[in-house]
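New here? Let's walk through this one with a few quick questions.

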Amino acid sequence: MTLPDFDYQAICDGMPEARVMRGEAYAAKGWAELVEVGPAGILAHVKGERDIVYVVEVSARDASDARCTCPDFEENRLRCKHVVAAVRAAMGADAATLETAAARLPRLADLLDMEGRDDVDALVDRARRDPALLIDLEGAAVA
Ligand SMILES: [Zn+2]
């Protein structure tokens with residue numbers, strides 16, 4: 001499993017150091033959960049200070065196309081600490097973790113399919129962008 005060839009230096013370039021450090025701390029605490037990884041990009045659910053989980057997507061090497069659902073990003077288009085956390089978590093993950101992350105949504109789709117649900121693709125796509133729904137579906141599918 002390969003990631004985009006992230007240029008961490010370029011990603012952090014121009015960001016206040018405090019924001020970079022907060023993002024790195026989030027990754028270290030395991031607050032950035034990888035939902036989708038591949039050569040084309042990553043999608044992560046990143047927990048913030050108030051237990052709100054934001055959805056982060058990054059494809060470009062320098063994260064110039066990064067998106068996050070947090071207010072900093074939505075209001076100011078700031079490359080936020082959640083983007084740092086997501087990239088850092090992906091770059092720091094070992095091969096097994098990346099394989100598991102890459103298999104996560106296909107596996108969920110399989111499980112939902114076996115349950116005979118006919119809205120599988122739409123559900124999985126919603127769960128990518130809805131952390132609570134993802135947890136719900138994975139819990140229900142395992143049970
Ligand atoms: Zn953010």
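Q: What share of the residues of the protein chain count as buried?
A: Keep in mind that this is a predicted model. A residue counts as buried if 20 or more other C-beta atoms lie within 10 Å of its own. Of the 143 residues in the protein chain, the buried share comes to 31%.

Q: What radius of gyration does the protein chain have, and why does that agree with a compact globule?
A: The C-alpha atoms fit a box of roughly 50 × 30 × 25 Å along the principal axes. With 143 residues, a compact globule would come out near 15 Å, so the chain agrees with that at 15 Å.

Q: In what order do the elements of the protein chain run from the N terminus?
A: There are 7 helices and 4 strands to place. Starting at the N terminus, the order is α-α-β-β-β-β-α-α-α-α-α.

Q: How many residues of strand β3 are buried?
A: Strand β3 covers residues 53–58, so to speak a run of 6 residues, and is mostly covered. The buried count is 5 of 6.

Q: Which residue in β3 stands opposite leucine 43?
A: Strand β2 (residues 41–47) and β3 run antiparallel, joined by 6 bridges. Their hairpin has 5 residues between the strands, and aspartate 51 there takes a positive phi near 65 degrees. Across from leucine 43 you'll find glutamate 57.

Q: Which residue in β4 is the bridge partner of valine 56?
A: β3 also pairs with strand β4 (residues 67–68), in the antiparallel sense and over 2 bridges. In β4, valine 56 is partnered by cysteine 68.

Methods
Residues numbered from 1 in each chain as written. Predicted model: local features only at pLDDT ≥ 70, side-chain atom pairs only at ≥ 80, totals over all residues. Rg over C-alpha atoms; globule rule 2.2 N^0.38 Å. Buried ≥ 20, exposed ≤ 12 C-beta atoms within 10 Å, placed from the backbone. Pairing = 2+ DSSP bridges.
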